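Trainee: I have not looked at this structure before. Could we go through it one question at a time?

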Amino acid sequence: MKIASIVALIVSFFALGLGCLSLARNTFEAYPVPVLLILSVALLVLYFSARVSHLEAKRSIIIFAILSVASAIILRMLPIYLHGFSINGLIHRSMISALFLLTLSVPAVCYSLFYLLGATPGAYDISRYPLFLVPIGLVLTAYGLILFRIIVNGAPLLNWSLIAHPFQDQSWQSEIWQNGWPVWVPNTLLQIGIRNHILGTLLLMALSSLISLPIGIGVGVFVHEYAGPKMAEVIKFSTTALRAISGIVLVVILLNLTRFASNHLHGTIFEKIIKGFGYYSGGSLVLGNSSFLIASIFISLLIIPIIARVTEEGLNSMPRDIVEGSVAMGASKEHTLLRLLLPWSFPNIITGLVLGCAEAAGTLTVIFLVAGNGQLGVNPLSETTSLAYLIYDCQFGNQLGDTVQRYMGPYQFTAAFVLLAITIGLTVIALIMKNKIAKRYKGA
Amino acid sequence: MIATDVSRTHLPVTGVKTCRKPGGIELKGLDVFYGQKQILKGIDLVFPPSKVTAIIGPSGCGKTTLLRCINRLNELAPGCKVKGQILLDGEDILKMDPMLLRQRVGMVFQKPNPFPKSIKENVLYGVKAIKKKCDYDATVKSCLEKAALWDELKDRLHDSAFALSIGQQQRLCIARSLAIVPEVILLDEPASSLDPISIMTLEASIMDMKGEYTQIIVTHNMNEALKISDYVAFLYAGRLIEFGETKKIFTHPSQQETHDYITGKVY
Amino acid sequence: MEKKKNAPSGLKIFSFCLALLPILALITIIVVLVINSVPAIKLAGWNLFSGSYHPDRGSYGLFPAIWGTFLVVIVTMLIAVPVSLFMAILANDFSFGFVNTLIRWILGVFSGIPPIIFAVMTPVFFNIFIWPKFAGQGVPESALLKMVNNYDVLPLYGSVLLGGILLSLLVIPFMAPLIDDVIHSIPHSLKEASLALGANRWHTLTHVTLPSSLAGLANVIMLGILTAVGEAIIVSFAIGFGPTNLPSPLFDILERIAPLTSTIAGLSANGLVRFESGSPLPHAVSSFAALLLILSAFVIMGIAAYLQRKFKNRFNP
């Protein structure tokens, strides 16, 4: 019995490995069919030796053996590329064989483990692990691939000059004296760098936190302390709705605002504030599509729900007896709130703030149609820019009509790398703070 | 090695075999650690088969830990290490598959914990889980009769178990653990959440089950121990201080700590 | 003793004003969108729901966009729900040793990754997975044309499958910790009772833990669907901005059917999608589509609340 289950285990592991390889490459054409046949033989051997040893022989093993033979037959009959039924693609045969191999080898591994460990209920539990581990392994491989690619493509190109210089692609005419006559000479300034993009990301984070912090805390405090049940429902619903409706809706509104500013407020100072300073082209200032100020207001709409939720959690988490103790001493609600509850919830609020910053740093949905490349520096009134926008521009720059793709194309992954570093750093800080908060409750 | 001779007790009404030969539990040199802290120190104890043994002692002395060792539920807690031997009918349960062990050793918990299913499904849960082939309706009837619930619930078998009172829920938990026909039943302070009438019914059930099952009950209530148990083990600070027949322990305890505990000087 | 009139404190008024802002923002958004979509309803009417979306020819049927969202969400959830469930089960009931904390840390780190990072991996995933398996890598053009009769169905660069895979990578670290919390919150006594009856961990999982956590699971899955519906960047990179017709086998996930979000993006920006110039329709239709998006988000939230109520009544005391 042991021998049969060990052989079955080896065969099914081999089938599993072959399935994963077929998923990755197209070249293992000759192997799936024989492996499937051997697998079905191994399963049948397993079943019969289980019968012989008077262990619990599951009927479904026979079903899997039959399926395995059937899939071997199907695979032999398929052409290399499947097409037809107007499906917009050619499915390579190795995809089908990978599918068959994976779905048949995982149960086979489970069954052989079960019999190897003695067919007890405890063995049944252990034999379920491959069922969990295989999909998780595939997904973790995908994540590893992402990290690997970004680091390998992006990190080597990162050098100090890239970070220290902003991206510039400006042209203007200047007047110089030549032989006694004024001549207009074209000048260009071309510089490759991501400084302004990094600064823009940081500015977005700072501005949106600044705006969303008081509002979020206000919402949390109001819902926790003062609101009646109906009012609390309405406020909670609208705050979660702000997060549920995606950023793309916000960008439509933002575009409306920009268009409104162009059409109706043309030439005024308000237009400059709303649209932000862009870049010089041919000697004149071109306004961008949105300034940092306005973009941060929209981004903060996405962050307010996070901060409101963590504020409320923090306020709720204060042990009831301490609050009652304060009230029993005659302190007013506001006093309890300001002196006791809010300081207690500070760690929660700061954690939420860090998470919100990570969100704001990475958000592209709200700004990707209105941002620019920050050639005129980074301040609240200049054109919105961000690392995420740079990545987007490198991909779709041609369609947007600017030149970023030509010059900054190779640096797309570098920008992704820097952005990844910022967001992962912030997330890790938030995680550590969450752990510290949890420890605080354990001690208390 | 599964106990193959089944007791000849048949309930005349339903003709369902309800028990097998009750096994004896023996603890040899048992040490239990949670992390660095040692909870039980060198316990040597024999629980006589077919009898009710009560484990008494002050709070925190390790009674529940001892009980949970016997059906290996303490392994669910992280960092738990068990050294020594625990024998069920001569087999070391620490080397057995835990699920097979728990099919022979049932447990009733302090707070009743029925599943969020109907009464009938609650009773049959264990039977279906271990894939035992038997007459489901007859099993439900006999187990509920044993737990003194059949008359009250025979028309309400499909109601949710949460609709019952706490006392009924606790008796449902007993019925549930009887359905898998164990050899040993562990009871962890079963009466602590119950009102006096439910406690009386519970104690009557325990007395009824004497002879068919080995029962080990942890209790804080000395009157209860006096009433229902045949043997008593006194635990203090993780050590077994004294073990013997109930009457003898309560009238002439041989150790000073036992005497102090029984007379109420220590709790 | 006379009753002292309690004037509302300054803090209360202040926090009330702050708390009103999200409500005001929401109302403003909806009102602005409604006003802007009026031209679309007037000019295009019911054609807005037709199956052909070609802005350069003037037809703005949004049905392909809705269908695209539906397909993408289905593909995403088919991948994401089992994987998140398995991760949560592995971290709770079936944990061994350090796997518990390892999974939680990995999920924590990946939950903060912005969608643009996943989007930028589109060419990588396409080259590694889609092109070899689904788009005829290495097949010369002539052989391709011979194999495929209709020129319209040649394999293209982006597809719903690619978008679904990348979107599921985004959604998994979001859903898995939530499912972990749900399973963690099942009372330990239920699991102990089941184990004490001799059931193994798998039986406990399928008969006690999972049925009791259905309410929480439904909520988390709805949240995942909400995230997937609203995601614009990943689908923009992986699928593009349109224009499309409805795919001929309806469930063809190898087609480029732009979902609602990237359709809105395409209509709102100049240059991403070509449309007839001078017409006020593109912006109006994009506002209308945004309204559809908000509507679908509300519908999903409503379904989530309904499912929660239904499951809570069945399984909890």
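Trainee: How many residues does each chain bring to the contact between chain C and chain A?
Mentor: This is a predicted model, and the count rests on its heavy atoms lying within 4.5 Å of each other. Chain A and chain C both take part, with 92 residues from chain A and 94 residues from chain C.

Trainee: What area is buried between chain C and chain A, and what share of it do carbon and sulfur atoms give?
Mentor: The side of chain C that touches chain A has 68 nonpolar residues, next to 20 polar and six charged ones. Carbon and sulfur atoms give 78% of the buried area, which comes to about 8,100 Å².

Trainee: Which side chains form the salt bridge across the interface of chain C and chain A?
Mentor: The rule finds one salt bridge across this interface. A salt bridge needs a nitrogen of Lys or Arg within 4 Å of a carboxyl oxygen of Asp or Glu. At 3.8 Å from N to O, the pair that meets this is C:Arg201 and A:Asp125.

Trainee: Which element gives the largest share of the side of chain C that touches chain A?
Mentor: Besides the salt bridge, 12 residue pairs are in polar contact across the interface of chain C and chain A. On the chain C side, 16 residues come from one element, and this largest share belongs to helix α1 (residues 10–44) of chain C.

Trainee: How many salt bridges does the rule find between chain B and chain A?
Mentor: Four residues of chain B are in contact with five residues of chain A, and the two chains bury about 330 Å² between them, 65% of it on carbon and sulfur atoms. The chain B side has two nonpolar residues, one polar and one charged. Two residue pairs are in polar contact across this interface, but the number of salt bridges is zero.

Trainee: Which element gives the most residues to the lining of the second largest pocket?
Mentor: This pocket holds about 1,500 Å³ of space. Its lining has 43 residues, and those nearest the centre are A:Leu23, A:Met95, A:Leu102, A:Leu138 and C:Phe129. By class, the lining has 34 nonpolar residues, eight polar and one charged. With 10 residues, the element that gives the most is α6(A).

Trainee: Which elements of chain C give two or more residues to that lining?
Mentor: Chain A supplies α1 (2–24), α4 (93–116) and α6 (129–154). From chain C come α2 (63–92), α5 (122–134) and α7 (160–184).

Trainee: How far apart in sequence are the parts tied together by B:Lys120 and B:Asp137?
Mentor: The whole structure has 19 salt bridges over all chains. In one of them, the closest N and O atoms of B:Lys120 and B:Asp137 are 3.0 Å apart. B:Lys120 lies in helix α3 (residues 119–129) of chain B and B:Asp137 in helix α4 (residues 136–146) of chain B, so the parts tied together are apart in sequence by 17 residues.

How values were computed:
Residues numbered from 1 in each chain as written. Chains lettered and ligands numbered in written order. Predicted model: local features only at pLDDT ≥ 70, side-chain atom pairs only at ≥ 80, totals over all residues. Heavy atoms only, no water. Buried area = accessible area lost by both parts, 1.4 Å probe. Polar contact = N/O pair within 3.5 Å; in protein donor to acceptor, adjacent residues only side chain to side chain. Nonpolar A, V, L, I, M, F, W, Y, C, P; charged D, E, K, R; others polar. Helix = DSSP H or I, 4+ residues; strand = E, 2+ residues; numbered from the N terminus. 1 Å grid on protein atoms, 1.4 Å probe; cavity = no way out; pocket = protein on both sides within 12 Å on 5 of 7 lines; lining within 4 Å. Points joined across faces, edges and corners; volume = space filled by probe spheres on them.
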